Amino acid sequence: MAEEVKMTVCGLCVWHCPMEVKLSDGRVVSVESKGFKGCPRSLTSPELLYHPDRLNYPLKRVGERGDNKWQRITWEQALDEIAEKLKDIRDKHGPEAVCISVGGDNHCSGEYLTRFEYLFGTPNLMSHGRVCLMPTMLTSLIISGWVIPWPIIRPETRCFLIVGANPSMAAWRLWRRLRKAKDEGLKLIVIDPRLTDAARLADVWLQPRPGTDAALLLGMANVIVNEGLYDRDFVDKWCYGWDRFVERVNEYPPEKVEEITWVPADKIREAARLYAMTKPGICFEAMGIEHARNSVPAMQMTLILPAITGNLDVPGANLLLEPHPRIRLAADIEGSEFISPQQKRKAIGGEKYRMFSWDMWDRVGAEYKKLTGRPLSYYYLGGVGHPPSMWRAITTGKPYPIKGLMTICQNPLLNFANAKLVYQALKKVEFSVNMDIFMTSACQLADYVLPAAGHLEKSTMGHGGNMSPLVEAGAKVIGPLYERKDEYYLYRELGLRLGQEEYWPWKTLEEAFDYRLEPMGLTFEEFVKEKGGYGFDNPWLRHRKFDEPGFRFGTPTGKFELYSTLMEEIGYDPLPGYNEAPRTPVSDPERAKEFPLYLLSGPRARYHYHSQFHQIESFRKRYPEPIVQINPEKARELGIGDGDWVWIETPLARVKFKCVYFDGIDPRVVSAEHGWWYPSEPGEEPSLHGLWRSNINAVVDDDLDDCCDPQSGAWTFREQLCKVYKAED
Ligand SMILES: Nc1nc2c(c(=O)[nH]1)N[C@H]1C(S)=C(S)[C@@H](COP(=O)(O)OP(=O)(O)OC[C@H]3O[C@@H](n4cnc5c(=O)[nH]c(N)nc54)[C@H](O)[C@@H]3O)O[C@H]1N2
Ligand SMILES: Nc1nc2c(c(=O)[nH]1)N[C@H]1C(S)=C(S)[C@@H](COP(=O)(O)OP(=O)(O)OC[C@H]3O[C@@H](n4cnc5c(=O)[nH]c(N)nc54)[C@H](O)[C@@H]3O)O[C@H]1N2
Ligand code: SF4
Ligand SMILES: [Mo]
């Protein structure tokens with residue numbers, strides 16, 4: 001037997017750990033993650049690779065949508081027909097009538113997708129980035145000019161403030177570092193409506209009413225400002241709008257904030273003092289605040305707190321990241337110059353949610369260029385197309401018709417809000433293509449389904465667009481098997497058929513990576529050679545850049561803008577403030593009479609990655625049911641026992657979950673998992689692989705006014721009202 005060991009990057013989630021892969025006679029037999037030892041998802045790699053349900057050949061629909069009737073065709077036929085149809089839509093309705101929807105962290109080489117998109121001429125690229133990190137990045141760019149103040153725990157770090165993040169489930173490498181640092185004396189503050197593992201470990205745990213973080217953080221700032229706990233030098237030298245900011249925070253004394261947030265005023269004081277006085281400290285936020293109706297002000301505050309306490313860009317605190325100095329960046333590949341300003345302005349949703357408009361991006365891009373000398377990636381900011389508006393454009397034809405939809409590496413029926421609307425859009429759209437590794441419910445509604453090469457079957461090179469100074473790469477270890485292809489192949493082949501020949505000189509993904517690495521004087525093969533298939537370069541971590549001559553923040557004032565001049569220019573509140581969302585028990589008591597409970601949806605679970613890994617036999621056995629956490633006191637009041645099946649209902653629909661008693665959650669709040677479907681159940685309608693039974697996004701609304709952030713358009717997964725009652729088994 002020929003045994004072989006190769007190194008690569010694990011492409012199964014956003015952490016991209018180095019991974020060792022063992023092959024025997026050319027077959028992958030086992031893997032070992034070098035980033036997270038024993039990671040259960042990584043161990044499924046061989047099962048995923050050889051899974052009997054994997055898509056292996058291009059398929060063309062032969063019945064009606066939802067009949068699950070397919071004909072196997074060749075790639076040539078698929079590409080010719082898809083290109084023909086895209087051309088036809090472009091001729092009849094304009095290129096903007098094609099929407100590209102992309103998701104996942106499974107390396108779909110987004111900058112090449114964007115290149116294809118811009119050359120085709122549509123501004124309507126959309127992704128989950130719109131509710132995942134991108135609003136924070138954009139907020140950071142708007143108020144500071146830097147991409148994001150990154151949380152890197154170093155030996156110096158003495159305090160860690162978590163705002164709506166769940167690292168023991170979602171970010172294992174960070175969790176491990178955090179635990180070690182805690183053992184060594186780090187102070188930990190956690191803001192979360194649930195008692196997470198991190199909250200259990202915390203010195204101070206604040207348990208807010210969902211969606212009220214902006215008020216809570218303003219309350220903390222009130223204490224920091226009024227007790228003189230801020231960094232006067234940094235504020236004087238580098239912060240713009242201090243006086244107006246102070247006026248604003250004075251509207252949020254802890255007692256008033258207690259009324260808004262349910263958090264006792266003394267706890268707010270305790271947390272504020274601990275954070276501001278234990279330096280250096282890191283402020284780390286995630287989806288708990290990003291998935292909220294008023295998320296932008298909360299994000300402003302998670303950026304402002306480090307700035308005013310002198311926790312920006314000093315060792316052990318939040319770091320201002322610069323792009324890798326010697327690589328062609330995502331933005332260099334995207335070619336945003338290929339698409340005209342007139343086309344850019346047509347992006348669906350750009351007029352309503354003006355933070356995510358091309359105009360804004362061009363402005364922050366220009367500042368970023370002044371700051372770093374480099375272009376800013378649009379793809380990695382999540383696309384300008386606004387998904388909830390896009391589904392409505394497809395179903396109503398307004399503001400203009402969307403006729404074509406290409407879905408890549410994404411499970412829209414399980415991961416976007418308002419799944420019934422997404423369903424209607426997928427049924428209605430004139431033409432659709434989906435590229436995935438498995439036949440998902442959304443694939444069932446497509447006209448063409450294309451088999452993607454997955455993890456281990458394609459080379460990867462991730463360096464987070466322009467976000468970070470690191471480059472990390474992994475060579476493919478096998479295949480691709482059957483007729484699976486990497487996404488680059490799709491973009492290039494369609495490009496060649498649509499008149500883009502001169503723009504696709506690189507025949508393969510690896511050749512495309514060679515071009516990216518050329519300024520380093522290396523080919524892709526050379527870059528990964530030393531470590532047997534894994535390459536890494538992180539040349540540039542400098543601190544205290546604000547002490548360097550000529551330093552400026554990349555904003556119109558050259559300062560860190562507590563008062564944002566760009567927000568003001570586009571007609572938004574320049575300062576962070578708390579606005580009660582329209583559908584809470586406070587603003588809509590009538591609704592709350594029928595739907596009294598806050599619904600948090602989507603706490604990360606150890607085995608699943610959004611909708612993924614539901615095909616894995618061992619996971620299904622170990623974790624067979626979707627879970628909703630309910631406070632035992634409330635559950636008993638509702639006649640619900642621990643382990644009972646319950647319905648979770650909103651005006652949109654009801655879905656079935658298994659109740660787990662959890663006394664770490666407020667009786668007024670419940671928390672249900674997302675991403676649940678049953679791939680082995682029938683693919684045809686009405687089942688669509690058990691899509692509707694426990695799909696929490698069937699009950700989560702995305703109303704453009706009531707549920708989307710008025711600035712960024714991000715929709716809330718975390719603060720909708722529901723009722724819960726016992727279901728039959
Ligand atoms: N209610 C609720 N909904 C949420 C969230 C929540 O917290 N609550 N979280 C949101 C967030 S933050 C995010 S990021 C999104 C994620 O939403 P998605 O990006 O849709 O996430 P996944 O379920 O991981 O879907 C990825 C799809 O890609 C396929 N795939 C896997 N590998 C490959 C590959 O190599 N190539 C291709 N072409 N396909 C591949 C998988 O089979 C799967 O169908 O979900 C969002 N949805
Ligand atoms: N195992 C696993 N890991 C993952 C993923 C996965 O699907 N599975 N997905 C990846 C992706 S794409 C992402 S974006 C990250 C997400 O990473 P995280 O955001 O760290 O993960 P969540 O579990 O969603 O944690 C959010 C926390 O916010 C809390 N929360 C809910 N509402 C509020 C609120 O109003 N205020 C505050 N302060 N907190 C609130 C929730 O109780 C929860 O504990 O995880 C990544 N890692
Ligand atoms: S699944 Fe994620 S955490 Fe696990 S080994 Fe792969 S990259 Fe690392
Ligand atoms: Mo995400």
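This briefing walks you through three spots in the structure above. Keep in mind that the model is predicted. We start with a charged patch on the surface, move on to the buried residue F356, and finish with helix 22, which is mostly covered.

**A positive patch on the surface**
- Four arginines, R176, R177, R179 and R606, form a positive surface patch.
- One of them, R176, sits in helix 7, which covers residues 172–183.
- R176 has a relative accessible area of 42%, and it counts as partly exposed because that value falls between the 20% and 50% cut-offs.

**F356, a buried residue in a loop**
- To find F356, look in the loop that runs between helix 17 (341–344) and helix 18 (358–372).
- F356 is buried because its relative accessibility is 0%, and buried means under 20%.
- Setting aside neighbours within four places in sequence, F356 touches several residues, including R130, M134, P135 and L138, and also W361, L381, Q711 and S712.
- Along the sequence, F356 and G385 are 29 residues apart, yet in space their C-alpha atoms are 8.5 Å apart.

**Helix 22, mostly covered**
- Helix 22 spans residues 487–497, and 9 of its 11 residues are buried.
- Among the buried residues are E487, Y488, L490, Y491 and R492, as well as L494 and G495.
- What do the buried residues of helix 22 pack against? Their helix partners are helix 3 (75–93), helix 4 (110–120) and helix 23 (509–517).
- These buried residues also pack against strand 15 (404–408), strand 16 (431–436) and strand 17 (448–451).

Conventions: Residues numbered from 1 in each chain as written. Chains lettered and ligands numbered in written order. Predicted model: local features only at pLDDT ≥ 70, side-chain atom pairs only at ≥ 80, totals over all residues. Heavy atoms only, no water. Patch = residues over 30% accessible without salt bridge, like charges linked within 9 Å, V, L, I, M, F, W, Y side chains within 5 Å. Areas by Shrake-Rupley, 256 points an atom, 1.4 Å probe, with all protein chains shown as cover. Salt bridge = Lys/Arg side-chain N within 4 Å of Asp/Glu carboxyl O. Lys, Arg positive; Asp, Glu negative; His and termini not counted. Charge placed at Lys NZ, Arg CZ, Asp CG, Glu CD. Helix = DSSP H or I, 4+ residues; strand = E, 2+ residues; numbered from the N terminus. Buried < 20%, exposed > 50% of the residue type's maximum accessible area, 1.4 Å probe, protein only. Contact = heavy atoms within 4.5 Å.
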